[in-house]
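Here are some short exercises to work through with the model on your screen. Try each task yourself before you read the solution.

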Amino acid sequence: MVLTHAHLDHCGYLPRLVRGGFRGPVLTTSNTAPPGGLVLRDSEHLLREDADHANQHG
């Protein structure tokens with residue numbers, strides 16, 4: 001996997017790839033990796049908030 005930049009529409013699919021069995025390397029630059037991690041953690045946080053809200057309020 002080559003990750004060219006840290007936009008969610010590019011790095012956001014990584015967790016699904018891993019869940020689906022991908023175990024290869026993720027190649028990226030030293031300038032892309034840190035913001036990519038932030039984007040993924042922020043996305044996870046927002047998805048958990050949405051799920052919690054949906055579970056509480058239907």
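## Exercise 1: The overall fold

**Task.** Work out in what order the elements of the protein chain run from the N terminus on.

**Solution.** From the N terminus on, the order is α-α-α. Keep in mind that this is a predicted model. A count of the elements gives 3 helices and 0 strands.

## Exercise 2: Compact globule or not?

**Task.** Compare the radius of gyration of the protein chain with that of a compact globule of 58 residues.

**Solution.**
- Step 1: start with the reference, which for a compact globule of 58 residues is near 10 Å.
- Step 2: set the protein chain beside it, with its radius of gyration of 13 Å.
- Step 3: look at the box filled by the C-alpha atoms, roughly 40 × 25 × 15 Å along the principal axes.
- Step 4: add burial to the picture, where 14% of the 58 residues count as buried.

## Exercise 3: Threonine 32

**Task.** Decide whether threonine 32 is buried or exposed, and find which residues it touches beyond four places away in sequence.

**Solution.**
- Step 1: locate threonine 32 in the loop between α2 (14–19) and α3.
- Step 2: take its relative accessible area, 8%. Buried means under 20%, so threonine 32 is buried.
- Step 3: list its contacts; leaving out residues up to four places away in sequence, threonine 32 touches Leu3, Thr4, His5 and Ala6.
- Step 4: check its side chain, which is joined to that of threonine 29 by a polar contact of 3.0 Å.

## Exercise 4: Glycine 12

**Task.** Find where glycine 12 lies and what its relative accessible area is.

**Solution.**
- Step 1: glycine 12 belongs to the loop between α1 (8–11) and α2.
- Step 2: its relative accessible area is 31%. Partly exposed covers the range between buried, under 20%, and exposed, over 50%, so glycine 12 is partly exposed.
- Step 3: apart from residues up to four places away in sequence, glycine 12 touches His7 and Leu40.
- Step 4: proline 35 is 23 residues away along the chain, and the C-alpha atoms of this pair are separated by 12 Å.

## Exercise 5: Serine 43

**Task.** Find how many residues apart in sequence serine 43 and histidine 57 are, and how far apart in space.

**Solution.**
- Step 1: place serine 43 in helix α3 (residues 33–57).
- Step 2: serine 43 and histidine 57 are 14 residues apart in sequence.
- Step 3: from C-alpha to C-alpha, the two are 21 Å apart in space.
- Step 4: finish with burial; serine 43 has a relative accessible area of 17% and is buried.

Note on methods. Residues numbered from 1 in each chain as written. Predicted model: local features only at pLDDT ≥ 70, side-chain atom pairs only at ≥ 80, totals over all residues. Heavy atoms only, no water. Helix = DSSP H or I, 4+ residues; strand = E, 2+ residues; numbered from the N terminus. Rg over C-alpha atoms; globule rule 2.2 N^0.38 Å. Buried < 20%, exposed > 50% of the residue type's maximum accessible area, 1.4 Å probe, protein only. Polar contact = N/O pair within 3.5 Å; in protein donor to acceptor, adjacent residues only side chain to side chain. Contact = heavy atoms within 4.5 Å.
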